[in-house]
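Q: I'm new to this structure and would love a close look at a single part of it. Could you start there and then walk me onward through what surrounds the topic?

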Amino acid sequence: MELSKIVIHCSDTPTGRDDRAEDIHRWHLEKGWWGIGYHYVICVDGAIERGRPEMWEGSHVKGHNKNTIGICLIGCGEFNGLQYDSLEQLVTRIHLENKDASIVGHYQLDKAKTCPNFDVEQWLYSVGL
């Protein structure tokens, strides 16, 4: 797959709630979807959990799932240092393997969204990506 975008999301769950990839998988199944739509989930403890395999098309941004990777931070806009460290490591690894892929927040592809509830462009600048 030739990756075009790395898309950052949030789960929009209350800050501090320790949901995991399996919880999101269950929620998405309950909605009648084919399971978790994200490729990665970053938990409150900083753990990076796999969702969908990277080779499968995601289901995380309407109209922008083909050739994209979806990363979901657990929370609603107040993320901790462990999560930001893991996000930086994961995005850096994926981007090194896919240098032409842009890194965006969900809100940049769907103007009706605020997800991940922080300025992704500013964050990218602050970490040197």
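A close look, starting in a helix

A: Let's begin with Asp-23, which sits in helix H1, the stretch of residues 21–30. Please keep in mind that the model is predicted. Is Asp-23 buried or exposed? Its relative accessibility is 14%, and since buried means under 20%, Asp-23 counts as buried. The side chain of Asp-23 also has a partner: a polar contact of 3.2 Å joins it to the side chain of Arg-26.

Helix H1 also leads us to the largest pocket, because H1 has a part in its lining: with three residues, H1 gives the most. Strand S1 (5–10) takes part as well, and S1 and H1 each supply at least two residues of that lining. How much space lies in the largest pocket? The value is about 510 Å³. Around that space are 21 lining residues, and those closest to the centre of the pocket are Cys-10, Trp-33, Tyr-38, His-106 and Lys-113. Sorted by character, the lining holds seven nonpolar residues, nine polar ones and five charged ones.

Now let's turn to the aromatic rings. Across the whole structure, a search finds four aromatic pairs. One of them brings together Phe-79 and Tyr-84: the ring centres are 6.1 Å apart and the planes stand at 85°, so this pair is edge-to-face. That follows because planes over 60 degrees apart count as edge-to-face. The two partners fall into separate accessibility classes: Phe-79, at 11% relative accessibility, counts as buried, while Tyr-84, at 23%, counts as partly exposed.

Tyr-84 has a further ring partner in Phe-118, and here too the arrangement is edge-to-face, with 5.5 Å from centre to centre and 75° between the planes. Where do these two residues lie along the chain? Tyr-84 belongs to helix H2 (residues 81–97), whereas Phe-118 is in the loop between helix H3 (106–109) and helix H4 (120–127). They are 34 residues apart, and the pair therefore links distant parts of the chain. As for Phe-118 itself, its relative accessibility of 14% makes it count as buried.

Finally, we can put the rings together: ring pairs link Phe-79, Tyr-84, Phe-118 and Trp-123 into a cluster.

Key:
Residues numbered from 1 in each chain as written. Predicted model: local features only at pLDDT ≥ 70, side-chain atom pairs only at ≥ 80, totals over all residues. Heavy atoms only, no water. Helix = DSSP H or I, 4+ residues; strand = E, 2+ residues; numbered from the N terminus. Buried < 20%, exposed > 50% of the residue type's maximum accessible area, 1.4 Å probe, protein only. Polar contact = N/O pair within 3.5 Å; in protein donor to acceptor, adjacent residues only side chain to side chain. Phe/Tyr/Trp six-rings, centres within 6.5 Å; stacked < 30°, edge-to-face > 60°. 1 Å grid on protein atoms, 1.4 Å probe; cavity = no way out; pocket = protein on both sides within 12 Å on 5 of 7 lines; lining within 4 Å. Points joined across faces, edges and corners; volume = space filled by probe spheres on them. Nonpolar A, V, L, I, M, F, W, Y, C, P; charged D, E, K, R; others polar.
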